[in-house]
Amino acid sequence: MSVHRLPAIMNSYFRSTGVKMFLILTLALLPLGILALVASLQAIRTADLEKEALLRVAVTQSARKLTADLASDRTAIALTINSIAAHTADAGMCDRLSFFLRSHASSEGHFYIYDRAGRRLCGSQAAEPAGITAQSRFDPAQIALLPQAGFLVSREISRDGRIVALAYYSRAHLEKVADPATALQNRQLSLEQGRATLFVTQGGGRQPSKHRSISLSARVMHPDLLLTMTVQDPPATAARLLSLFLPLVMWFAAAAIGWFVVNRLLIRPLVLLRRSVAAYQPGEVLEPLRRMRTPAQEIVALGDTFRAISEEVATHEAEMAEALETQRKLTREVHHRVKNNLQIITSLINLHARSAGTSEASQAYASIQRRVDALSVVHRNHYAELEENHGVGVRSLISELSASLRGSAPADARRFIIQIDSDNLHISQDVAVPIAFLLTELVELAMMSAPDAGMRIAIHANAGSTDRAQLEIRSPALCASPAMTARLEERYGRILTGLSRQLRAPLDHDAAAGLYAIEIATLP
């Protein structure tokens, strides 16, 4: 495709009705699309607020459950160590405490009871997790987090301060206790105490999340212990993106569907109809929607109308062709009758010339016959060129006329030579008849003046013109002489002047050179 044609193609494309209609529909539906988008964003915001409220309820509920679980354990541990410190505990009290803790902490619960000397008085058989040293066992903090070991430690000291109990809670136990009743997907639980953070949910906090998240916290028993619940939004899948941009998709789809329907049902059939009408040739029968069906009945009716008009035009074309053929036959018959009539006139002149009593009468009949022959030559050439509608050929006209004039010349002028130099030109019959008579008059005048002389007839198109030509007749017999002057004044001068008027151009005469010249009209 040429670069110069690209602007024209783009201009034609943007000026098409389909593109205009698509733009109009797009602009008309744009406010509705914006309203739908705002409503969708508002619905998303409302859903986020609801999710945040649900998260707040869930983290509060989880914090309460974890607080209650820790408080009940601390109560049981406090009763045990106070009994041991007061020496009122029996031998099975430690086992009962262990059974109580395992009943809701499964195998992940461990507890250990120490005195100030560092002796273990009671506790689980499993090894104590690392993180609490012997020097820090009697610290005043009730709760401590061990992120490295993955445990929460609950510390309880007896009333006399001589015995301490350490209860270890694993991540699995903490997650089980703090699991909210509401179903929240992609949730993560963590306990925070100062700068220490224990991620309760398995795998939580080990790598940064790529998605947006919401975090809320609630206090758990101890004033500085916080339970934080984090909920991450699901990944931005195609379905979520589609739900977000659904209003814009619907806006574009509405404009596209409207454009497709109108283009398919109206514009495309009209384009095909226009192409069929543009390619129509007289005589054909239009079938504009033969290869395409459209439910638009108005376009179907328009196509049927064009078809009916083309059928009527085809019928008229056939009638006109038939009438033209009839006219051609009639014209041919008229030409034949004219030709026959001219032949009859020529025969009658010959009969009268033979019965003439004097030479002057014979010469008069011969002169008349030459003019009738000139008219017959023009008629024959005109009829020959009529079939192709090119007019009368100048070269064939002059050649045939010269042969006829030499055949009817007097006996002493039978050797009169006529040279022809002509371009391939055509003239109308209105020009051919005066030229034939003009040449006949000049040839007869030359034969009468100098029978032994010759003549040169030349006709050439004018330079830079397609409808004008110059006719020149040159002969020594046409030079100035007393006899020539007498013949011109007697008859030939008036005839030549009249013929030049019919040709609507002056007849130039160079008496010294024996030259006659005139400009004539030709067919392009």
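V249 lies in helix 6, and in this predicted model that position is a convenient place to begin reading the surface. With a relative accessible area of 39%, V249 counts as partly exposed, and together with F245, L246, L248 and M250 it makes a nonpolar surface patch of about 410 Å². Because a residue must have over 30% relative accessible area to belong to a patch, the 39% of V249 is enough to admit it.

Helix 6, which runs over residues 246-278, also holds R274. R274 is exposed, at 52% relative accessible area, and it joins R264, R268 and R275 in forming a positive surface patch. A reader who follows helix 6 therefore meets V249, which takes part in the nonpolar patch, and R274, which takes part in the positive one.

The salt bridges can be taken next. Side chains of opposite charge can pair when their charged atoms come close. In this model the count comes to eight salt bridges, and three of them are described here, beginning with D115 and R119. The closest N and O atoms of D115 and R119 are 2.8 Å apart. The surroundings of these two partners may be compared by their accessibility: D115 is buried, because its relative accessibility is 8%, whereas R119 is exposed, with a relative accessible area of 55%.

A further salt bridge joins the side chains of R328 and E325, with an N to O distance of 2.7 Å. Why are R328 and E325 separated by about one helical turn? They stand three residues apart in helix 7, which covers residues 297-354, and this spacing accounts for the separation of about one turn. As for accessibility, R328 counts as partly exposed at 31%, and E325 is likewise placed as partly exposed, with a relative accessible area of 35%.

The salt bridge between R491 and E444 has its closest N and O atoms 3.4 Å apart. R491 belongs to helix 11 (residues 482-502) and E444 to helix 10 (residues 429-449), so this pair ties together parts of the chain that are 47 residues apart in sequence. Is each partner buried or partly exposed? R491 counts as partly exposed, at 34% relative accessibility, while E444 is buried, with a relative accessible area of 3%.

From these charged pairs the path leads to helix 2, which spans residues 17-85 and contains T80. T80 is buried, its relative accessible area being 4%, and a polar atom of its side chain lies 3.0 Å from the backbone oxygen of A76. N82 is also found in helix 2, and at 15% relative accessibility it counts as buried. A polar atom of the N82 side chain lies 3.0 Å from the backbone nitrogen of R159. In the case of T80, then, the side chain has a backbone oxygen as its neighbour, and in the case of N82 the side chain has a backbone nitrogen.

D73 is another residue of helix 2, and it counts as buried, with a relative accessibility of 0%. How far apart are the C-alpha atoms of D73 and S154, given that 81 residues separate these two along the chain? The distance between the two C-alpha atoms is 9.0 Å.

Two loop residues complete the walk, and both are described by their backbone angles. H87 lies in the loop between helix 2 and helix 3, the latter covering residues 93-105. The phi of H87 is near 60 degrees, which is a positive value in a residue other than glycine, and H87 counts as exposed, at 69% relative accessibility. R504 is placed in the loop between helix 11 and strand 15, the strand covering residues 508-510. R504 has a positive phi of about 60 degrees although it is not a glycine, and with a relative accessible area of 76% it is exposed.

Terms used:
Residues are numbered from 1 along each chain as its sequence is written. This is a predicted model: local features need pLDDT of at least 70, side-chain atom pairs count only at pLDDT 80 or more; totals for chains, interfaces and linings use all residues. Side-chain values use heavy atoms; hydrogens and water are left out. Patches are made of residues with over 30% relative accessible area and no salt bridge: like charges are joined within 9 Å, nonpolar side chains (Val, Leu, Ile, Met, Phe, Trp, Tyr) within 5 Å. Accessible areas come from the Shrake-Rupley method with a 1.4 Å probe; for residues, only the protein chains shown count as cover. A salt bridge is a side-chain nitrogen of Lys or Arg within 4 Å of a carboxyl oxygen of Asp or Glu. Lys and Arg count as positive and Asp and Glu as negative; His and the chain ends are not counted. The place of a charge is taken as NZ of Lys, CZ of Arg, CG of Asp or CD of Glu. Helices (H or I, at least four residues) and strands (E, at least two) are DSSP runs, numbered from the N terminus. Buried means under 20% relative accessible area, exposed over 50%, partly exposed in between (1.4 Å probe, protein chains only). A polar contact is a pair of N or O atoms within 3.5 Å; within protein, one must be able to donate a hydrogen and the other to accept it, and residues adjacent in sequence count only if both atoms are side-chain atoms.
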